[in-house]
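Here is a friendly walk through one protein model, written with a computational chemist in mind. Have the viewer open and follow along.

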Amino acid sequence: MTRPTIEERFARLINPVGPHHIWTGNVHHGKPRMRNNGKLDHPVRAIMGITDRAVRIIKLCHAPLCVNPEHYRFHRTFDRKLARMGEFPNTPLWQLVIAILDDEIPEGPPDLVKEAKWLARRCK
Ligand SMILES: [Zn+2]
């Protein structure tokens with residue numbers, strides 16, 4: 001039996017209520033959390049692959065325990081220089097974000113490009 005992926009575990013622990021994805025998993029001091037690579041992390045950080053602790057996630061909606069990534073924004077200003085220096089995770093997703101911010105045409109799987117565009121809008 002293969003271990004469930006982070007996406008599978010995330011999907012299993014949310015209860016869709018309208019546009020919101022209400023977290024039904026572990027909660028600590030009122031904040032959703034889940035295990036990711038052996039560490040406890042916020043499910044939105046985990047699912048978005050955000051490992052940089054300097055990047056804060058801020059919930060925009062008022063639904064308690066909502067973990068729909070669309071309902072969050074990222075606090076830290078995206079710094080391209082820092083990104084190139086590896087401040088942000090060196091993943092295909094963040095590579096695409098950098099490309100978009102550099103006004104390059106992002107190339108990759110449509111889903112990933114879509115997600116990168118969404119992230120880039122919030123990083124400017
Ligand atoms: Zn929400």
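Let's begin at R122, which has its place in helix α5. This is a predicted model, and every value below is computed from it. With a relative accessible area of 23%, R122 is partly exposed, because the buried class ends under 20%. In sequence R122 and F74 are 48 residues apart, yet their C-alpha atoms lie 6.4 Å from each other in space.

A second residue of helix α5 worth picking out is K117. Its relative accessible area of 43% makes K117 partly exposed. K117 pairs up with L96 across 21 residues of chain, with 8.1 Å between the two C-alpha atoms.

**The overall layout**

Stepping back, the protein has five helices and eight strands. Read from the N terminus, the order of elements is α-β-β-β-β-β-β-α-β-β-α-α-α. Of the 124 residues in the protein, 40% are buried.

L96 brings us to helix α4, which covers residues 92-101. How is this helix placed with respect to the rest of the structure, enclosed or open? Eight of its 10 residues are buried, so α4 is largely enclosed by the rest of the structure. The buried residues in α4 are L93, W94, L96, V97, I98, A99, I100 and L101. After α4 comes D103, with a positive phi near 60°.

**The zinc site**

Which protein atoms hold the zinc ion as donors? They are ND1 of H20, SG of C61, SG of C66 and ND1 of H71, at 2.0 to 2.3 Å from the zinc ion. Along the chain, these donor residues follow the spacing H-x40-C-x4-C-x4-H. The angles that the four donor atoms subtend around the zinc ion run from 100 to 115°, and the arrangement is therefore tetrahedral. The criterion used here asks that all angles lie between 85 and 135 degrees, and the range of 100 to 115° satisfies it.

Two of the donor residues can also be described by their accessibility. C66 is buried, at a relative accessible area of 0%. H71 counts as buried too, with 14% relative accessibility.

Just before C66 in the numbering sits L65, in the loop between β7 (57-59) and β8 (72-74). L65 has a positive phi, near 65°, in a residue other than glycine. At 26% relative accessibility, L65 counts as partly exposed.

**Two pockets**

Now for the open space. Rolling a probe the size of a water molecule over the atoms shows where empty space is left. The two pockets below are set out by volume and by the classes of their lining residues.

| Pocket | Volume | Nonpolar lining residues | Polar lining residues | Charged lining residues |
|---|---|---|---|---|
| Largest pocket | about 320 Å³ | six | one | six |
| Second largest pocket | about 230 Å³ | three | four | four |

The largest pocket has 13 lining residues, and those nearest its centre are M48, P69, E70, E115 and W118. At least two lining residues come from each of α1 (6-12), α2 (43-48) and α5 (110-123). Which of the elements gives the largest share of this lining? It is α5, with five residues. The lining of the largest pocket also takes at least three residues from domain 1 (6-76) and at least three from domain 2 (80-123).

The second largest pocket is lined by N36, N37, K39, L40, D41, R45, A46, G49, I50, T51 and R53. Two elements, β6 (39-41) and α2, give two or more residues to this lining. β6 contributes the most to the lining of the second largest pocket, namely three residues.

One of the residues lining the second largest pocket, N37, deserves a closer look. N37 is found in the loop between β5 (34-36) and β6. Although N37 is not a glycine, its phi is positive, at about 50°. Its relative accessibility of 74% makes N37 exposed, because the exposed class begins over 50%.

Technical notes
Residues numbered from 1 in each chain as written. Predicted model: local features only at pLDDT ≥ 70, side-chain atom pairs only at ≥ 80, totals over all residues. Heavy atoms only, no water. Donors = N, O, S within 2.8 Å, 3.2 Å for Na, K, Ca; no water. Tetrahedral: all angles 85-135°; square planar, octahedral: opposite > 155°, others 65-115°. Buried < 20%, exposed > 50% of the residue type's maximum accessible area, 1.4 Å probe, protein only. 1 Å grid on protein atoms, 1.4 Å probe; cavity = no way out; pocket = protein on both sides within 12 Å on 5 of 7 lines; lining within 4 Å. Points joined across faces, edges and corners; volume = space filled by probe spheres on them. Helix = DSSP H or I, 4+ residues; strand = E, 2+ residues; numbered from the N terminus. Nonpolar A, V, L, I, M, F, W, Y, C, P; charged D, E, K, R; others polar. Domains from an automatic or database assignment.
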